[in-house]
Amino acid sequence: MSDRYQPKPEHKFSFGLWTVGSVGRDPFGEPVRERLSPVDLVYLLAEVGAWGVNFHDNDLVPIDATPAERDRIVADFKKALRDTGLVVPMATTNLFSDPVFKDGAFTSNDPRVRAYALQKTMRAIDLGVELGAKIYVFWGGREGVETDAAKNPVEALKRMREALNFLCEYVIDQGYDLKFALEAKPNEPRGDIYLATTGHMLAFIETLDHPEMVGVNPEVAHEHMAGLNFLHAIAQAWEAGKLFHIDLNDQAFGRYDQDFRFGSWNLKSAFFLVKFLEDVGYEGPRHFDAHAYRTEDYEGVKEFARGCMRTYLILKEKAEQWNSDPEIRALLEEINADDGSTDMFKGRYTPEKAAALKMASFDRVALGKRGLAYERLDQLTIEILLGVR
Ligand code: GCO
Ligand code: MN
Ligand code: MN
């Protein structure tokens, strides 16, 4: 194996405890792997070369742990972090597993459940910050419905806003250095989940009391489940200054929530995604929110984790190759050529520009006849990906 694709801390590759710790349970079958402790998982991640480990509160501390148990678990986990050098870049709350959240957490119709969800989240924020997290993810897996008879969707949005505003104030009040990243998903486990896409989240964030503290955590699989172009989602988030975190995995369109190894399904989408993150200089964690196939033992889980990072680094190299390929560069130059003939119409509106533009003449037929060479450009991309160029 070439050293070029060895993960290093500067690549900021992270995994959730729930990803490599997945025991392979699905709606049709029982676990296929024994459960490893959080400490074992930290060592496993260190062995494969990861930089960071993320967790839901209850991945680390069971929901019914006593304060003494909590303190012991946290102490053991901190020791494993010290021994391995792994960091905790992100933390989050499990607001979906326990039956209390069967109808949502922040959007539940029951005000006692909403209050409990806030309490649980404040405690989980304290835990995340104690372990060094700088990003706090909100994934509202149960914030939705099977039937719209059950909840008023406008009321649901108001409840979500109230909860996030409350929690932003909590973070400010504690003096924590912590940002929030909202993660959209269209469905699963609920029939429909509110704020279904990254685009929905971006619009919602602007309605919060502290929009500067809140960004997004887009996930490849979630946008693909909705049939959307993931690159376009993260590009919009990036342009808005809101790409605080990212969940990398893979997913066939139109299927159940697959959480495949990064790059294992749609190589071309994965390529343009890596190219984008590297080209713009995204500096956040590259978090893999994926699972090994249910067929695997823990050797297979390690292969899965290594594969996520290795594929990322290979695609990063391919992106460099794409950017410096002379034929691609020449094509891009031609595609983006500007003869300066429309310079006087560019920029902000003025009445003079509008009047001049209305009088200008364009050779519409010639413009429509121009071939754009995107076929060649795409074939060159494919040949780079296939390794023949
Ligand atoms: C999913 C989600 C989760 C979240 C996680 C962190 O589809 O189950 O992607 O894995 O990312 O809860 O918030
Ligand atoms: Mn997911
Ligand atoms: Mn996710």
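A polar contact is a pair of N or O atoms within 3.5 Å; within protein, one must be able to donate a hydrogen and the other to accept it, and residues adjacent in sequence count only if both atoms are side-chain atoms. This is a predicted model, in which local features need pLDDT of at least 70 and side-chain atom pairs count only at pLDDT 80 or more, while totals for chains, interfaces and linings use all residues. Residues are numbered from 1 along each chain as its sequence is written, ligands are numbered from 1 in the order in which they are written, and side-chain values use heavy atoms, with hydrogens and water left out.

**View 1. Polar side chains at ligand 1.** A polar side-chain atom of Glu 219 lies 2.7 Å from an oxygen atom of ligand 1, and polar side-chain atoms of Glu 183 and His 222 lie 2.8 Å and 3.0 Å from an oxygen atom of that ligand. Taken alone, ligand 1 exposes 330 Å², of which the protein buries 92% (Shrake-Rupley method, 1.4 Å probe).

**View 2. The site of the manganese ion (ligand 3).** Glu 183 (OE), Glu 219 (OE), Asp 247 (OD) and Asp 289 (OD) coordinate the manganese ion (ligand 3) at 2.0 to 2.2 Å, where donors are N, O and S atoms within 2.8 Å of the metal (3.2 Å for Na, K and Ca). The site is octahedral, with angles of 81 to 176° among six donor atoms (opposite donors over 155 degrees apart and all others between 65 and 115).

**View 3. The bridge between two ions.** Glu 219 bridges the manganese ion (ligand 3) and the manganese ion (ligand 2), which lie 3.7 Å apart.

Terms used: Tetrahedral: all angles 85-135°; square planar, octahedral: opposite > 155°, others 65-115°.
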